[in-house]
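The following note is offered to a colleague who meets this structure for the first time. It is arranged as numbered points, to be read beside the model.

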Amino acid sequence: MNNNNNAPVTEDEAEVSDFKPLTAEEAQRLREQHPEPSPWWVIAAQVVAGLLVALVAWVWVRQPVAAGSAFYGALAVAVPAALFLRATRRGAQRLSQSAAMLAFFVWELIKIVLTVALLAAAPWLIRDLNWLALVAGVVVALKMYWVALLVRPRFLNRI
């Protein structure tokens with residue numbers, strides 16, 4: 001801020017001086033008017049995308065194992081993500097900010113390790129595994145995070 005009373009007020013200083021924090025009632029009303037979309041739709045999109053890739057793999061290769069491989073690849077991404085979401089959503093309200101951040105990183109590590117473990121177990125779980133279909137399922141499921149980033153601003157603008 002300018003200490004000199006005769007100096008002109010800059011635009012940044014004017015914005016800071018015009019800032020008025022919301023009351024608890026105003027903040028609650030704002031949350032009700034603009035609810036946060038559920039992140040569960042991303043998990044659902046991963047599963048649906050996995051089904052679509054499985055269908056394409058089945059039609060393309062004409063082998064049911066290709067469809068199973070593709071869907072397993074998508075599930076190897078979606079199941080750990082669902083576990084992560086459930087764990088971080090439930091525990092975040094009870095923790096301090098630093099503990100919540102630590103829990104987030106721990107659960108993210110668990111999600112990655114579980115995804116890698118599911119992919120490593122694929123050859124033992126799926127007979128005649130189709131690796132190309134498996135990778136296609138994984139890639140498409142992972143791309144749903146990017147789709148969520150593109151769709152969310154549009155979704156929020158409609159509210």
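1. Helices, as named in this note, are DSSP runs of H or I with at least four residues, numbered from the N terminus. The model under review is a predicted one. There are six helices and zero strands in the protein, and the order of elements from the N terminus is α-α-α-α-α-α.

2. Confidence should be considered before any detail. The mean pLDDT of the protein is 82, and 79% of its residues reach 70 or more. Among the elements, helix 3 has the highest mean pLDDT, 91, whereas helix 1, covering residues 11–18, has the lowest, 58.

3. On the chain as a whole, 28% of the 159 residues count as buried. Of the contacts with a separation of 6 or more, 76% are made by residues 24 or more positions apart.

4. Helix 3 deserves attention in its own right. Its 22 residues should span 32 Å at 1.5 Å a residue, and its end C-alpha atoms are 31 Å apart, so the two values agree. The buried residues of helix 3 include Val-42, Ile-43, Ala-45 and Gln-46 towards the start of the list, followed by Ala-49, Gly-50, Val-53, Ala-54 and Ala-57. As a general point, an α-helix has 3.6 residues a turn, so residues three or four places apart point the same way.

5. Which residues does Gln-46 contact beyond its neighbours within four places in sequence? Gln-46 belongs to helix 3 and counts as buried because its relative accessibility is 0%, where buried means under 20%. Outside those neighbours, Gln-46 is in contact with Ala-74, Val-77, Ala-78 and Ala-81, and also with Ala-141, Met-144 and Tyr-145.

6. Ala-148, in helix 6, offers a second view of helix 3. With a relative accessible area of 13%, Ala-148 is buried. Residues up to four places away in sequence being set aside, Ala-148 touches Trp-41 and Val-42; of these, Val-42 is listed among the buried residues of helix 3. The C-alpha atoms of Ala-148 and Ala-45 are separated by 9.0 Å, although these residues are 103 residues apart along the chain.

7. Helix 5, residues 97–125, has 29 residues. From its first C-alpha to its last, helix 5 reaches 40 Å, close to the 42 Å expected at 1.5 Å a residue. Its buried residues are Lys-111, Thr-115 and Ala-122.

8. The second largest pocket has a volume of about 150 Å³. Its lining consists of Val-56, Ala-57, Trp-60, Val-61, Asn-130, Leu-132, Ala-133 and Ala-136. Helix 3 (40–61) and helix 6 (131–158) each supply at least two of the lining residues, and the largest share, four residues, comes from helix 3. Ala-57 thus appears twice in this note, as a lining residue of the pocket and as a buried residue of helix 3.

9. What is the make-up of that lining by class? The lining of the second largest pocket has seven nonpolar residues and one polar residue, with no charged residues.

10. Two loop residues call for a check of the backbone. Arg-62 comes just after helix 3, in the loop between helix 3 and helix 4 (64–92). Arg-62 has a positive phi of about 60 degrees although it is not a glycine. Is Arg-62 buried or exposed? Arg-62 counts as exposed because its relative accessibility is 66%, and exposed means over 50%.

11. Asp-128 is the other loop residue to examine, placed between helix 5 and helix 6. The phi of Asp-128 is near 60 degrees, again a positive value in a residue other than glycine. Asp-128 is exposed, with a relative accessible area of 61%.

Terms used:
Residues are numbered from 1 along each chain as its sequence is written. This is a predicted model: local features need pLDDT of at least 70, side-chain atom pairs count only at pLDDT 80 or more; totals for chains, interfaces and linings use all residues. Side-chain values use heavy atoms; hydrogens and water are left out. The expected span of a helix is 1.5 Å times one less than its number of residues. Buried means under 20% relative accessible area, exposed over 50%, partly exposed in between (1.4 Å probe, protein chains only). On a 1 Å grid over the protein atoms alone, a cavity is a set of points where a 1.4 Å probe fits but cannot get out, and a pocket is an open set with protein on both sides within 12 Å along at least five of seven lines; lining residues have an atom within 4 Å of a point. Grid points are joined across faces, edges and corners, and a volume is the space filled by probe spheres set on the points. Ala, Val, Leu, Ile, Met, Phe, Trp, Tyr, Cys and Pro count as nonpolar, Asp, Glu, Lys and Arg as charged, and the others, Gly among them, as polar. pLDDT is the predictor's confidence in each residue, from 0 to 100. Contact means heavy atoms within 4.5 Å.
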